[in-house]
Amino acid sequence: MPKFEAGTFDVIVIGAGHAGVEAALSAAKMGATTLVLTMNLDMIAFMPCNPSLGGPAKGIVVREIDALGGAMGKVIDKTHIQMRMLNTGKGPAVRALRAQADKVLYQQEMKRLLEEQENLTLHQGVVEELIVEDNEVKGLVTQVGAVYRAKTVIITTGTFLRGEVIIGDLKYSSGPNNQMPSIKLADNIRELGFDMVRFKTGTPPRVNSRTIDYSKTEIQPGDDTAWAFSYETTEFITDQLPCWLTYTTPRTHELINENLHLSPMYSGMIKGKGPRYCPSIEDKIVRFADKSRHQIFLEPEGRNTKEVYVQGLSTSLPEHVQKQLIASVPGLENAEMMRAGYAIEYDAIVPTQLWPTLETKRIRNLYTAGQLNGTSGYEEAAGQGIMAGINAASRALGKEERVLGRADAYIGVLIDDLVTKGTSEPYRLLTSRAEYRLLLRHDNADMRLTELGYEIGLVSEERHDAHVIKKQQIDEEIARLRKISIKPDNHTQEIIRETGGSELREPMKAADLLKRPEIKYSQIERIVPPAEKVSAEVKEQVEIFIKYEGYIEKSMQQVEKMKKLEDKKIPENIDYDAISGIATEAKSVLNEVRPLSIAQASRISGVNPADISILLVYIEQGRIAKISG
Amino acid sequence: MCNQGRKVNYVHFDTIAAISTPMGEGAIAIVRLSGDEAVQITDRIFRSPSNKRLNEERSHTIHYGHLIDPTTSETVEEVMVSLMKAPKTFTREDVIEINCHGGIVAVTRVLKLVLKEGARLAEPGEFTKRAFLNGRVDLSQAEAVMDLIRSKTDRAMDVALNQMEGKLSRLIGALRQALIETLAQVEVNIDYPEYDDVEEMTIPLMIEKSTWVRNEIDKLLRTSSQGKILREGLSTVIIGRPNVGKSSLLNSIIQENKAIVTDIAGTTRDIIEEYVNVRGVPLRLVDTAGIRETEDIVERIGVERSRKVLREADLILLVLNSSEELSIEDERLFEAVSGMDTIIVINKTDLPQKIDLPKVMEYAGTGKVVTTSLLKDEGVDELEEAIAGLFFEGNLESGDFTYVSNARHIALLHNARATIENALAAAEAGVPVDMIQIDVTRTWEILGEIIGDTVQDGLINELFSQFCLGK
């Protein structure tokens, strides 16, 4: 194949899934000339699995992406069919927004954003090889021999690398949803010396809505409140579609047990490691045999289609068994299966080969993001995508690199976990992975990240102004409530009685009254109204901050403590092999991860506190030796 | 850098040495060396009858010979040398133990000799520190070893041994397991809000679990005072008017129970402490010099200081004279010790009784009363029984008991208790479960610090092993 020069860019993004689009949009917005190469322009930001975004932890990631100036939140706000706020009965730290997406509209809207973005070139093409000189990436070559040169390259190929779809004993080379897999690029990445792992994931069958008997299921409508992920969304969708809940039956479980030998998961055909949090129905029934039934959610895939996603029935059993499984579920007795569920195996890069900027340690100016890095989920992919885009563009434009800390964002937790600990299964964010989750709330993502987004150049002047004003209003209102005293007069006591709380005996600061569990800002507002009208978002922040001040402070103290260890930098040229006393196992993982700080080192599994003590001593003494020498 | 091209090992562990047996008279004493040059240093001063070189001998062998001062060629000591080569040693370094004759003079000469030959005097606990740094023992074990070295009686030794064997670790582990199960349930409610068949971790459930954990911590803490006493000795003060028999009492306790060690605390000779082992309880008899010299501690050191000594005491032995009526001074002494663990010793029962016993009983309240005739050597057994009884209240004598005896552990347990108490208070105030969870998690982490394990992943693994999670 003769090669030809096809163009030069600051940043090239390979792949236009959820990681790729955020990477490309952020790089282009920052002013980097950006090329996106995708195998199929009709598959931009495609959701090959569930038609849903958000939920605990993940929903907060969507908000963080939005606060940084990313696209996911805005696009889902325009294209969802239903939204719900989860965990409303719990504390503020764990509230989470989840949307059911119209898959097709979502893709179209995202494609339009890319097409309209200045500095961004969108092109269909299959990348086969990276151009690497002296361990530095210089560009790439496509199937047709087009040579693209670039200062930086971001690979976001999801589950396409040597993808193989498996249904029953059928196994064929394929990307998700029968798209073309990426074979040559996968080989090329291996040849460049990267360690790869084989992961597995799966998806359930889809059925035709027209053939479902919804009377046998429970309706799950969206919330009446109009929610939005993006802080900039002003128009809300009111016309929502419901989801439906049904359950597996004893017959379903029988079918699984009878046909287990046909499952590639148990026959040994699938070797890839699958996620524990997204088990196939085979897995659920085998591992939790004492459970008499499992939930099945029926989720519409969009407004202009009858296709319904059968959440909870993920399987790789042969198609004829899948049909019987579906028929065993109440409401689905006569349902027509439109597509069968399948498992997919793919190559993922061992993520400890990355710096926290998502640049590869092995090849300079080469970044990877998304499912390729061993994660699962659209949100996790997008969160990495925006950071890879920011850092690749910064490198190309000679700007400062950015790393989010574990106390800054769920995105920070996600990336730190990946590059520090690696992962033995497709990684999913959970709120329990965040040690400072009280600080990483759904409601304060803008407070945490808008300033950074603005500095980078992804957040507009207007939005930044609005953010500054909001912040000021919050501070002022908190100060006012701390200062103003509430007298135990009739009006006050009546409001307190309404809440079922005990009456005031003596005057009390408004802030102290708000700390009572039964008192909300709405009551305080009635007792001591603010001079100017306060927006709902400001009220929420004020209420959370005052109510949970003690807990927030405690978390902040822990952050400070950890920060001291984050600040203890490990010299880049450290020779772990020369440090006697560190256990051999610890040496090998330290050599692999090459942590940048003592704090990061302490999070590596296989490095115990004794190793950290020795490392600290070594670094301290090295410093002393340098000073005296 | 100045040392380019040469591999420099900054954590180079030099060779340390120390006397490893307690100071005082004993049949033998041991000087221990640890480090890269432990064997070479010993070879330079050790002569065996067959002229063998330790360097060439097999590990874990014992060798008879003499220590020779190489500069004067004088024989310093007749010794047995234990040779233990790395890595199968306590510190994972080469270790030499020189067994020499007991007594401060002999052992000091041996120590001086090895220091002269290049070893460095070990800091307190440095052997154990190396064992820890070399990954030989975990934190809790390292601390137990320290306590083992310092423990004063056999029973204290048992506690330290139990701890080393991980009994404390197991107990703490059980508490942490309970906490993590609770946490996993909270987490699953948060991360999988629609997951239907996990019982919602409600406030009452959270209160129930937290209360249980707090009570268990309390139990451990209650043993901690005993643990501390086992390690440091039960600080005991004998008081009484002149001539009631305080020094006789002291002498008979010391005679009956071989004194373990006589310490001279601080730099002054002001306070002398005698350690004795009374039925497994180490007594630290405080200010016995005062008793010996003046017979009246209150008189000698003044009311203020005597009160201080009393305040710091774990046990008071208040001695009364059976053959005299209760005096104003006796009553003053009763007042001074009110609220403290006190045993009343009514001495001189060999003389006609004049003391008003019912009144003594009344003063004594819940305190024990023992009658003795120290002259006739009567009643001392009963006194010792009373001391042991007081200490091992609630029949703690069964050896199967884990004491928390380490200051760091006690401090962490207090921390953990305060944190779980916060969680309880918050739960009772109606704070949302996921906020209460912050303190529960913290408790779990603090308990982990005791055994040196605070891996976050534990929770996530728990989550997936307990629950079948989908959406």
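Here is a short walk through one sheet and several salt bridges of this structure. It is a predicted model in which local features need pLDDT of at least 70 and side-chain atom pairs count only at pLDDT 80 or more, while totals for chains, interfaces and linings use all residues. Residues are numbered from 1 along each chain as its sequence is written, chains are lettered from A and ligands numbered from 1 in the order in which they are written, and side-chain values use heavy atoms, leaving out hydrogens and water.

Let's begin in chain B, where seven strands (DSSP runs of E, at least two residues, numbered from the N terminus) make an open, mixed sheet ordered E3-E4-E5-E6-E2-E1-E7. Strands E3 (46-47) and E7 (120-121) of chain B stand at the edges with a single partner strand each, so one side of each has no neighbour in the sheet. Two strands pair if DSSP finds at least two bridges between them; E2 (residues 28-34) and E6 (residues 95-101) of chain B run antiparallel and are joined by seven. Within this pair, B:Ile28 is opposite B:His101.

Now to the salt bridges (a side-chain nitrogen of Lys or Arg within 4 Å of a carboxyl oxygen of Asp or Glu), which number 63 over all chains. In chain A, A:Arg190 bonds in this way with A:Asp347, their closest N and O atoms 3.0 Å apart. A:Arg190 lies in helix H5 (residues 184-191) and A:Asp347 in strand E19 (residues 342-349) of chain A, so the pair ties together parts 157 residues apart in sequence; helices are DSSP runs of H or I, at least four residues. A:Asp347 is buried at 0% relative accessible area, where buried means under 20%, exposed over 50% and partly exposed in between (1.4 Å probe, protein chains only). A:Arg190 is partly exposed at 36%.
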